[in-house]
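Reader: I've just opened this one and I'm a bit lost. Please show me how to read it, one feature at a time.

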Amino acid sequence: MKAKKKKRQDDFQKVKLKVGKKKPRADNATNTNFRTRGICLPEQLKRDTSGPTTHRQLGINELLSQLHHYSASVKHTALLGLKELLSLSPSLLEQHLSRLLSEVAAVLTDKDGNVRVAATRVLRFVAQSVPAERVAPFFPLLSAHLSCAMTHIEPGIQEDAMNVLDIFLEHYPSLLASRPAVLLTNFLELISHRQSSGGAGKAQDGRGRTWTLSVHPDRKVTSQQWRLSVLLRLGNFLQAVVEERPTEEGDLSVRTEGVFGSSGKGRLTPLNLSWEELIYKKVNVKVYENSGARPTPHSTFKLRPEVDHGGVGSEGLDSAETVQRFAGTLVPLLLEVWVEACAGDSTWNASEGAHLLTPDAMSVMFQVLSILQLLRKLPTQRENRDALDAWFRKQYLGDFKQHFVKNFPYGLRDTPKHKKKIDLKRSKQTATVPAPTVEPQALNITLCHVMVSLSQKQGLGHEADGDWLSPLRAFVRDTLGNGVKLSYRQLHMLLGTVWKMVLTQRSRAVTEELLAAVYIYYKQKNLPLQTRSLLLSFYSKLYLQEQGHAHIARSKVLCRWLASLPVQLAQLGHRNPALSAQLIVSIQAAASRGNKELLNSLQTYACRLYDPQDGVVVLLPAESQQRMVQLLYFLPKTPQPLLANLSGCCTAGRVSASLAASLIRILHFRSSLSGWSVGSQEAALQDVDYISFLFSTLAGFSSEHLSVLQEDETALLLPSLSPLCLYQTPLEQFTHHWDVAEEVCHCLESIGSKSQCFDILQNGIFKYLMKLEVVPDSMAAALLRAVSRLLDLATLPVEQVLRFLAQCCLSLLVLLVVLQEHAPTETNHKREAIWSCCVTALSSVPRLLRIVLQSMHVGDLSAEELPQLGQILSMLLQHAPLHNQLMANAALLQELIQTLTRYCRGAPREQWLTDLLYCYSVTVAHGSSAHRGSMGLRDMY
């Protein structure tokens, strides 16, 4: 026993260590010594020189290839690198857009949440940088990945898919709206699921399949919050679908940005073609069937029945049947969502606080109503929309009255707020976006708009809707009448509600009540331009409905609004041209229908509107000016003050010459001298006033302006050869006055008796113009033009008037020579007009040429003025139509030339004198051979 014990102790004998001695090595010690040698691979150390790289020296190809890695961290890092690289080099988007979108979209269904968040950020950056037309070829692939993410079994992937959907709705709504069928079914599957058999409380579509709300306990948010988030995205998607579709003109249910009831989208833009360009192949035109628009199918025949009886058909949402099939599945689910939200919210007594809702319940109801509102707008044709409204009324009016109208109007319940500790990490990971805060006013307005759209016209065979419409009508009346501040969208919906009530109720009392409330809102001050335009368009379009609706035609409020339009236009002026233009359109529509209240008000403020200095007719743009001129045709009377203002508008040059001519023609048609009338329409102005207007317009200058010109020192002081001192008008003013004078002459010629018109004209010249010492050149030219067109051979002018015309003619001829010397190029049109009026008057007015020749006093001229007289005579001699008149005054002409030759005998003969003698010899030779013996013509001239 002792030997065994000793042996056992020997096996575990303790080694004694001595100080200063090396520790002995253990028997089981491991040798840790190793030797290394470096291996150099130059290819791995090379940098990517094919393009830009990140800070980790990775190019876009390496980053995209890393998205296929099994490690979530590698994929996350690659996505961060992609965003960095694209931010530094945006040109890579154009080069690698196809591969980039396909690779990034593929990781939207990744199991790791950080990868999905990073992929969403990359997609947002791409959407902010690339336009829709560049993404369009790849959007079917993006839409397919989005559908996979929305219908994925994992709740986290579904929640992140909502963020991707938000990006597409913000940047590519048109591309997303072009594929509505699959996405709408995906929306249904996000909040519900199908069952093979139906049961109580479950929504059942028309095909016998059952849809019921689904509950997922693994979500990070409650079921109500998740459904609200999905409904918010569904409403945005339906809004995108509606906005991308063409709408019919005059649809009052469509929200527009400008005029009430009209939309600029979906219209066909006409193509203006020039046949000359087509002939010479300067432009190529392609012709398409139906002018590029989608033809309206009138046949209800279908080639085969629908195979997919799911939520939405594959043909889109154009027809009422397709929307009905989708609504038959969605609307019961919406009602069930609202019932659950309301049931979880009803902690008060139903009889006392049922109309008070918490913010969450109010948001749910608002989204439900917004979706119902958008469903009505999906059909593009009016008949399909009416059929859908009838179907909604038949199927769900009772449910809507029970769940929505029963406790109307709704208010906000005051709930105490409990402070909770917020988990920041979890809140950042939550993908749902909280719905915006909904005001009770917005909720009630939307409810009114949805419910009133289901009302029907009152009449035989239709049940009355007055019982459930009464609280809605009272709310609309109080909201508009109490001056509540409304947004543009809210006001648009309220006006649409009023429109529907007025047209369906067909009651004069209801119409007056609602229109009075709208008029109270209309009279508010400081309304925005968009709001004011909306109200104007509402009243204008409602007034156009009066023919088929007697209760509208007899509305006193509408008549009061029409009577206030002219004074509003006069007060507004040119401060807001767009609003003024809309006022003019409304006034023109009512004036064309002969509204007495408007015409009387327009007659009262006509002088203010047509003031030549600060009236709207001269301050607004050309299109509005044209409409203002057209309004003159509908005025009952045109008194003298208004005619004076109109004459000033024509001559001041602040309206175009063509518009001034239109104004003169309109007044001509409204006078009794034109001999033209429509029905029992009486003449708007007296003959004396009309003739006075024509004479004032022909003169081109008011008496006050002419008085100022007599003291103006800037008048053109012509040589002593000119008997008058001419005021040289600017070229633009001269051209304008000339064009207006042509139209005045045309109206004077069409009156009937030229001799009487000429007598009136020469009386006006004798009474008002002969005493002038300074005469504008445009007025002198206009007078010569009018006299030559109105005078016939049987009438002889008064001697004093004839001498005044001769002075005007000679002064214009001198001006013509001066203009030709100083500014021959810039005044071509003016010189042609002056020469035309002078030679026409000299050839048509008896004895005018003789008096002009007699006024040429050679002895009073200086040596510098003699060439000008020679040029005038040369021009007259070269003009063939004047040869007869010149030969009739040959003796006087010969005496002038002899006098000129005698005065220039001492000096060497200049070129102008040589030309004059040559022209004279040719004219005398031609006249002696061709017109020998015409004594009667010589006696006349």
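Reader: By class, which residues make up the lining of the largest cavity?

Author: The lining has 10 nonpolar residues, no polar ones and no charged ones. For the classes, Ala, Val, Leu, Ile, Met, Phe, Trp, Tyr, Cys and Pro count as nonpolar, Asp, Glu, Lys and Arg as charged, and the others, Gly among them, as polar.

Before we go on, this is a predicted model, where local features need pLDDT of at least 70 and side-chain atom pairs count only at pLDDT 80 or more, while totals for chains, interfaces and linings use all residues. Residues are numbered from 1 along each chain as its sequence is written, and side-chain values use heavy atoms, with hydrogens and water left out.

Reader: How is a cavity found, and how many does the search of the whole structure turn up?

Author: Rolling a probe the size of a water molecule over the atoms shows where empty space is left. Here, a cavity is a set of points on a 1 Å grid over the protein atoms alone where a 1.4 Å probe fits but cannot get out, and lining residues have an atom within 4 Å of a point. Points are joined across faces, edges and corners, and the volume is the space filled by probe spheres set on them. In this structure there are seven cavities of 30 Å³ or more, and the largest has a volume of about 80 Å³.

Reader: Which residues should I click on to see the largest cavity's lining?

Author: Try Ile691, Leu694, Phe695, Leu698, Val744, Leu748, Cys757, Ile760, Leu761 and Leu790. Helices α34 (687-699), α36 (731-749) and α37 (754-769) each supply at least two of the lining residues, and α34 gives the most, with four. Helices (H or I, at least four residues) and strands (E, at least two) are DSSP runs, numbered from the N terminus.

Reader: How many helices and strands does the chain have?

Author: There are 46 helices and seven strands.

Reader: How do I read a single helix, say α22?

Author: Compare its reach with the expected span, which is 1.5 Å times one less than its number of residues. Helix α22 (residues 488-505) has 18 residues and goes 25 Å from first C-alpha to last, close to the expected 26 Å. Helix α17 (residues 359-377) has 19 residues and reaches 27 Å, close to the 27 Å expected.

Reader: Are those two helices covered or exposed?

Author: Mostly covered, in both cases: 16 of the 18 residues of α22 are buried, and so are 17 of the 19 in α17. Buried means under 20% relative accessible area, exposed over 50%, and partly exposed in between (1.4 Å probe, protein chains only). Over the chain's 941 residues, 48% are buried.

Reader: What about backbone oddities?

Author: Most residues other than glycine have a negative phi, and most peptide bonds are trans. Now look just after α22: Arg506 takes a positive phi of about 55° although it is not a glycine. Arg506 is in the loop between α22 and α23 (508-522), and it counts as partly exposed because its relative accessibility is 38%. Asn526 has a positive phi too, about 60°, and sits in the loop between α23 and α24 (529-543). At 78% relative accessibility, Asn526 counts as exposed.

Reader: Where is Pro409, and what is the peptide bond from Phe408 to it like?

Author: Pro409 is in the loop between α18 (382-405) and β5 (411-412). The bond from Phe408 to Pro409 is cis, with omega near -5°.

Reader: Which residues is Leu447 in contact with, leaving aside its neighbours within four places in sequence?

Author: Contact means heavy atoms within 4.5 Å. Leu447, in helix α20 (residues 440-452), is in contact with Met365, Leu369, Phe404, Phe408 and Tyr410, once those neighbours are set aside. Leu447 counts as buried because its relative accessibility is 0%. Across the chain, residues 24 or more positions apart account for 74% of the contacts with a separation of 6 or more.

Reader: Is Ala684, in the loop between α33 (657-670) and α34, buried or exposed?

Author: Ala684 is buried, since its relative accessible area is 4%. Beyond its neighbours within four places in sequence, Ala684 is in contact with Leu635, Pro636, Lys637, Thr638 and Arg670.

Terms used: 1 Å grid on protein atoms, 1.4 Å probe; cavity = no way out; pocket = protein on both sides within 12 Å on 5 of 7 lines; lining within 4 Å.
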